[in-house]
Amino acid sequence: MKLLEIEDLKVGFETEAFLFRKKQKDKEVLKGVTFSMEENQVLGLVGESGCGKSTLAKVIVGMNQTYQGQVQYHGTKPQMVFQDPYNSLNPSKTIGFTLTEPLRVQKKWKQAEIRKKAFSILESVGLDEKLFDRYPHQLSGGQRQRVCIAEALMTDPKLLVLDEAVSALDVTVQAQIIKLLLQIRQERNLAMLFISHDLRVVYQMCDQVMIMEQGKIIEMGDTQTIFYNPKEAYTKKLLEASGIADEI
Ligand SMILES: Nc1ncnc2c1ncn2[C@@H]1O[C@H](COP(=O)(O)OP(=O)(O)OP(=O)(O)O)[C@@H](O)[C@H]1O
Ligand SMILES: [Mg+2]
């Protein structure tokens, strides 16, 4: 079943050209992006810094509503997991407060049910329920990223958008979080849009990969095909720059 369908998505930002007494005009960041995602699919999104990956992510989770084109998702709203687990948690709120907030605002759940759900999700991301009453600064980076994943799962989404979600973690913690993501994917039949500049991690995580260059998807295919048999010169260049060709 299709979870997400995006057609001819365009996003532009106003430039500050008026400072130079020129006419204000739009800088087009996404230039007609079309793709869809299936249930349980892990799709990688790769491309150089500034090509528009986070802009696409923000449209999908509803953080940017100024766009042209079609964006349709079926089922519960997709949730985002960000790169920096410290800055994305409110330092003055307990883990429990942060986790339960998305359900408290819906006002259709009993307090006890929400708590129970938070405990069960903490467990499924490998955290002890005693972390419920702690503050973000009392957790390690890896634990904080697990909390961010738990927070994203509270509303039972079918799609997670992970924007460099494991990039700030050290290699061992990164490996644990990747394992956790693959595990919850199975348990919850989750789909993920996995944005990363680390091609090794993309190779490990993703079923399919999209390559973005300057606001366009220039190549898309099965992970094996993209890594072993890329068509576009730009894709080959990215693979070469990462040095991954010698390893896989
Ligand atoms: N709110 C905004 N206002 C103006 N320009 C923006 C805004 N958000 C992003 N941009 C511009 O859009 C372009 C794409 O940014 P985006 O964050 O999507 O890139 P990215 O592919 O995620 O890069 P990175 O790999 O560095 O995270 C950049 O040139 C950026 O400066
Ligand atoms: Mg980005």
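Mentor: Two residues are in contact when heavy atoms lie within 4.5 Å, and by that rule T235 touches I211, I218, E219, I226 and P230, if residues up to four places away in sequence are not counted. This is a predicted model, in which local features need pLDDT of at least 70 and side-chain atom pairs count only at pLDDT 80 or more, while totals for chains, interfaces and linings use all residues. Residues are numbered from 1 along each chain as its sequence is written, chains are lettered from A and ligands numbered from 1 in the order in which they are written, and side-chain values use heavy atoms, with hydrogens and water left out.

Trainee: Why is T235 called buried?

Mentor: A residue is buried under 20% relative accessible area, exposed over 50% and partly exposed in between, judged with a 1.4 Å probe on protein chains only. T235 has a relative accessible area of 1%, so T235 is buried. The same rule places 45% of the 248 residues in the buried class.

Trainee: In which helix does T235 lie, and what makes a stretch count as a helix?

Mentor: Helices are DSSP runs of H or I with at least four residues, strands are runs of E with at least two, and both are numbered from the N terminus. T235 lies in α8, and the protein has eight helices and nine strands.

Trainee: What makes an empty space a cavity?

Mentor: On a 1 Å grid over the protein atoms alone, a cavity is a set of points where a 1.4 Å probe fits but cannot get out, whereas a pocket is an open set with protein on both sides within 12 Å along at least five of seven lines, and lining residues have an atom within 4 Å of a point. Grid points are joined across faces, edges and corners, and a volume is the space filled by probe spheres set on the points. A search of the whole structure finds one cavity of 30 Å³ or more, and the largest cavity has a volume of about 40 Å³. The residues that line the largest cavity are V46, L199, V209, I211, I226, F227, T235, L238 and L239, and α8 gives the most, with three residues.

Trainee: How many residues of that cavity's lining are nonpolar, polar or charged?

Mentor: Ala, Val, Leu, Ile, Met, Phe, Trp, Tyr, Cys and Pro count as nonpolar, Asp, Glu, Lys and Arg as charged, and the others, Gly among them, as polar. The lining of the largest cavity therefore divides into eight nonpolar, one polar and no charged.

Trainee: Which residues lie nearest the centre of the largest pocket?

Mentor: They are Q79, M80, F82, E151 and A152, out of 15 lining residues, and the pocket has a volume of about 290 Å³. By class, this lining has 10 nonpolar, three polar and two charged residues. For the second largest pocket, the closest to the centre among 14 lining residues are G50, C51, G52, K53 and S54. Its lining has two nonpolar, eight polar and four charged residues, and helix α1 (residues 53-60) gives the most, with four.

Trainee: Why does M80 count as buried?

Mentor: M80 counts as buried because its relative accessibility is 12%, and M80 is found in strand β5 (residues 79-81). Beyond neighbours within four places in sequence, M80 is in contact with A57, K58, V61, M63, A152, V161 and D163.

Trainee: Why do C51 and C206 not form a disulfide?

Mentor: A disulfide is a pair of cysteine sulfur atoms within 2.5 Å. The closest cysteine sulfur to that of C51 is in C206, 15 Å away, so this pair is too far for a bond. The search of the whole structure accordingly finds zero disulfides. Both cysteines are nevertheless buried, C51 at 5% relative accessibility and C206 at 7%.

Trainee: How do you know that the protein agrees with a compact globule?

Mentor: The radius of gyration is taken over C-alpha atoms, and the globule rule is 2.2 Å times the number of residues to the power 0.38. With 248 residues, the rule gives a value near 18 Å and the protein has 19 Å, so the two agree. The C-alpha atoms fill a box of roughly 55 × 50 × 35 Å along the principal axes. Of the contacts between residues at least 6 apart in sequence, 68% join residues at least 24 apart.
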